[in-house]
Amino acid sequence: MAQDKTPQERLQEEQEHKEHVHHTKINAAAIADHILGNLHTLHVKLHQYHWYVKGPHFFLLHEKLEELYNANEEWFDTIAERLLTSGHKPASTTAEFEKYTMLSEDPADKYLKAEEMIENVIEDFRSTREFTVRAIRLAQEEGDDALEDTLIAFKDHLDENIWMLQAFLGKEALEDDDAYEDDDED
C-alpha cells in the first residue's frame with residue numbers, strides 16, 4: 001500500500017517506472033515531461049529576454065515577451081495538471097526539469113540583439129512543438145483523448161506564436177522550419 005511507504009520509497013518507485021518507460025516503450029506522459037522541462041527553461045529565457053531586450057522595438061518586445069512568459073506559465077500548469085488528472089506523475093522539480101529539457105540557456109544571451117532573441121524563442125518553440133506532436137500521436141494511440149486535446153491546443157498556441165514572431169522578423173510562418181522542410185522532401 002502506498003501510504004505504508006516513505007516519501008523516498010514512493011519517489012524511488014516513480015523514478016524507476018519513468019526510467020523503465022523511457023527505455024522500453026515511450027508514452028505520451030514521458031514525452032510530456034520533456035515538454036514541461038522545455039517550458040521550465042522557457043520561463044527563465046523569456047524573463048531574461050523581457051528584462052534585457054534593447055533597441056527600437058523595446059516597448060513592443062518587452063510587452064510581447066511578458067505576454068509569452070505569462071502564457072508559458074499557464075500552459076506549464078495546464079499540461080502538468082492534465083497529466084495528474086490522467087493518473088501520471090509529471091516532473092515537478094528543477095532537477096527533473098533540467099534532466100528533461102531539450103533547450104539550452106546562456107547568461108550571455110542577455111546581450112543578444114532583439115532579433116536574435118526572437119530567433120531563439122522561435123527555435124525553442126519549434127523544438128517544443130516537435131515533442132508536442134510526438135506526445136499528441138502517442139496520446140491518440142493510448143486513447144487519452146483529454147491529453148491529446150490539451151496538447152493539440154498547446155501546439156496551436158506554439159504555431160500561432162511562431163507565425164507572429166516570424167512575421168516580426170519579416171519571414172513567412174514556415175520559413176527556416178526544418179520540421180516542415182523535412183516533410184516536403186518525403
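Arg-126 and Glu-123 are joined by a salt bridge in which the closest N and O atoms stand 3.0 Å apart. The model is predicted, and a search of the whole structure returns nine salt bridges. The points below cover the contacts of Arg-126, a salt bridge within helix α3, and a charged surface patch.

**Salt bridges of Arg-126**

- Both Arg-126 and Glu-123 belong to helix α5 (residues 114–142), where three residues, about one turn of the helix, separate them.
- Arg-126 is buried, its relative accessible area being 3%, whereas Glu-123 is partly exposed at 43%.
- Arg-126 also forms a salt bridge with Asp-177, with 3.3 Å between the closest N and O atoms.
- Because Arg-126 lies in helix α5 and Asp-177 in the loop between α6 (145–168) and α7 (178–185), this pair ties together parts that are 51 residues apart in sequence.
- Asp-177, like Arg-126, is buried.
- A network of salt bridges links Glu-123, Arg-126, Arg-129, Lys-155, Asp-159 and Asp-177.

**Salt bridge within helix α3**

- Lys-64 and Glu-67 form a salt bridge through their side chains, at 2.9 Å from N to O.
- These two residues are three apart in helix α3, which means that about one helical turn separates Lys-64 from Glu-67.
- Lys-64 is buried, with 15% relative accessible area, while Glu-67 is partly exposed, with 43%.

**Negative surface patch**

- Glu-73, Glu-74, Asp-77 and Glu-81 make up a negative patch on the surface.
- One of these residues, Glu-74, is located in helix α3 (residues 58–85).
- Glu-74 has a relative accessible area of 57% and therefore counts as exposed, the cut-off being over 50%.

Terms used. Residues are numbered from 1 along each chain as its sequence is written. This is a predicted model: local features need pLDDT of at least 70, side-chain atom pairs count only at pLDDT 80 or more; totals for chains, interfaces and linings use all residues. Side-chain values use heavy atoms; hydrogens and water are left out. Patches are made of residues with over 30% relative accessible area and no salt bridge: like charges are joined within 9 Å, nonpolar side chains (Val, Leu, Ile, Met, Phe, Trp, Tyr) within 5 Å. Accessible areas come from the Shrake-Rupley method with a 1.4 Å probe; for residues, only the protein chains shown count as cover. A salt bridge is a side-chain nitrogen of Lys or Arg within 4 Å of a carboxyl oxygen of Asp or Glu. Lys and Arg count as positive and Asp and Glu as negative; His and the chain ends are not counted. The place of a charge is taken as NZ of Lys, CZ of Arg, CG of Asp or CD of Glu. Helices (H or I, at least four residues) and strands (E, at least two) are DSSP runs, numbered from the N terminus. Buried means under 20% relative accessible area, exposed over 50%, partly exposed in between (1.4 Å probe, protein chains only).
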